[in-house]
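Biologist: I am new to reading protein models, and I would like to go through this one with you. Could you show it to me?

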Amino acid sequence: MKKKLEVKKNSQKRKKQKTSKDDSEKDELPKAEILNAQTLKEGMLLLGCVMEIRSNCFLMSLPGCLVGKVLLTNISTKYTETIMCSTQEESENESMANLESIIELGTTFPCKVLSISQQEKKKSMVMLSINPQDVNAELRLSSLYLKMVLHAAVQSVEDHGYVMDIGVKNAQGFLPFSASSGKKNLVVGQVIPTSVRKLPSHKNGNVVWLSELSVNESFPEIDDENLKLTSLLPGTNVTAYITLFRNPFFLW
């Protein structure tokens, strides 16, 4: 009888140890949090889709059934300067027409969460920026690679192309007319998707050569085993394959 009790105790002890080990392994597994108003944080980079254009802002649909607002002053640095220089007598209709000339419904943009304000009995107000100076602020020249998709803002129109603000410190982009959709069709301050076609060399030490991408076509696929996580941005089209499957989820 005593031996049976000892065997039973040992069995229960092993079960407890196994349960404890299983629990610790579960704790070590990465957890995928659903994006919602509670998990959304300031500084996050997201991919949004333009769903409504208003006179002084536009709204973007975000993952998790969230909605964010982009003010005129959070589109690009150059666009903000243009607004400041415009006459104060400009009507709301003219302002909206001006905004619709650079923003289209259904267009996707990487965006940065600037602030989240909680309102009683209302949905949270999420303020966003599509300004490359905000979205690409963490990038460095070493983060860039060929075919990388960068949303850049038109800074100026020159004789042979556009000088572009790519938001990378100590660097600027250049988009030749031959690599754009049309000669001088882009508006100063407009943010467009571009692809890196040539990285800086010793001769042009801080100039990144770009090609304009169509918002209606799939972005270039990237298949590079040496790709850095710091180089990834929302909307990056990555060719990958699953090397490990972990319950209870896997991420795309």
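Biologist: Which strands form the closed barrel, and in what order do they run?

Modeller: Happy to start there, and please keep in mind that this is a predicted model. The barrel is closed and has five strands with mixed pairing. From one strand to the next, the twist averages 55°. The order is S6-S7-S8-S10-S9.

Biologist: In what sense do S8 and S10 pair, parallel or antiparallel?

Modeller: Strand S8 covers residues 172–176 and strand S10 covers residues 207–212. One bridge joins phenylalanine 174 to tryptophan 209 in S10. Over three bridges, the sense of the S8 and S10 pairing is parallel.

Biologist: How many helices and strands does the chain have?

Modeller: Let us read along the sequence, where the pattern is α-β-β-β-α-α-β-β-α-β-β-β-β-β. Each α stands for a helix and each β for a strand. The chain comes to four helices and ten strands.

Biologist: Where in the chain is confidence lowest?

Modeller: Over the chain, the mean pLDDT is 82, and 77% of the residues reach 70 or more. Confidence is highest in helix H4, residues 132–135, at 97. At the other end, with a mean of 56, is helix H1, residues 2–28.

Biologist: In what sense do S4 and S5 pair?

Modeller: Look first at S1 and S4, which pair in the antiparallel sense over five bridges; there, cysteine 49 stands opposite threonine 108 in S4. Moving on to S5, methionine 125 is the bridge partner of serine 117. S4 and S5 have five bridges, and their sense is antiparallel.

Biologist: Which residues have the most contacts inside the largest nonpolar core?

Modeller: That core has 23 residues. Strands S1, S2, S3, S4 and S5 each supply at least two of its residues. A second, separate core of 22 residues includes Tyr145, Ile192, Ile222 and Leu233. In the largest core, the residues with the most contacts are Phe58, Ile75, Leu99, Ile103, Leu128 and Ile130.

Biologist: Which residues does isoleucine 130 touch, leaving out those up to four places away in sequence?

Modeller: Isoleucine 130 is one of the residues with the most contacts inside the largest core. Two others from that group, Phe58 and Ile103, are among the residues isoleucine 130 touches. The full list is Phe58, Met60, Val70, Asn74, Ile75, Ile103, Phe109, Pro110, Cys111, Val135 and Val191.

Biologist: Why does leucine 59 count as buried?

Modeller: Leucine 59 lies in strand S2. Leaving out residues up to four places away in sequence, leucine 59 touches Cys49, Val50, Met51, Glu52, Arg54, Val67, Gly68 and Lys69. Buried means under 20% relative accessible area. Leucine 59 is buried because its relative accessible area is 9%.

Biologist: How far apart are the C-alpha atoms of leucine 59 and valine 70?

Modeller: Along the chain, these two residues are eleven residues apart. In space, their C-alpha atoms are separated by 6.3 Å.

Biologist: Which residue has its backbone oxygen 2.7 Å from a polar atom of the serine 76 side chain?

Modeller: Serine 76 lies in the loop between S3 and helix H2, and serine 76 counts as buried because its relative accessibility is 0%. Beyond its neighbours within four places in sequence, serine 76 is in contact with Asn131, Ala153, Gly189 and Val191. The backbone oxygen at 2.7 Å belongs to glycine 189.

Terms used
Residues numbered from 1 in each chain as written. Predicted model: local features only at pLDDT ≥ 70, side-chain atom pairs only at ≥ 80, totals over all residues. Heavy atoms only, no water. Core = buried A, V, L, I, M, F, W, Y, C linked by side-chain atoms within 4.5 Å. Buried < 20%, exposed > 50% of the residue type's maximum accessible area, 1.4 Å probe, protein only. Contact = heavy atoms within 4.5 Å. Polar contact = N/O pair within 3.5 Å; in protein donor to acceptor, adjacent residues only side chain to side chain. pLDDT = per-residue confidence, 0-100. Pairing = 2+ DSSP bridges. Axes fitted to C-alpha atoms, helices over the stretch in contact; angles between N-to-C directions.
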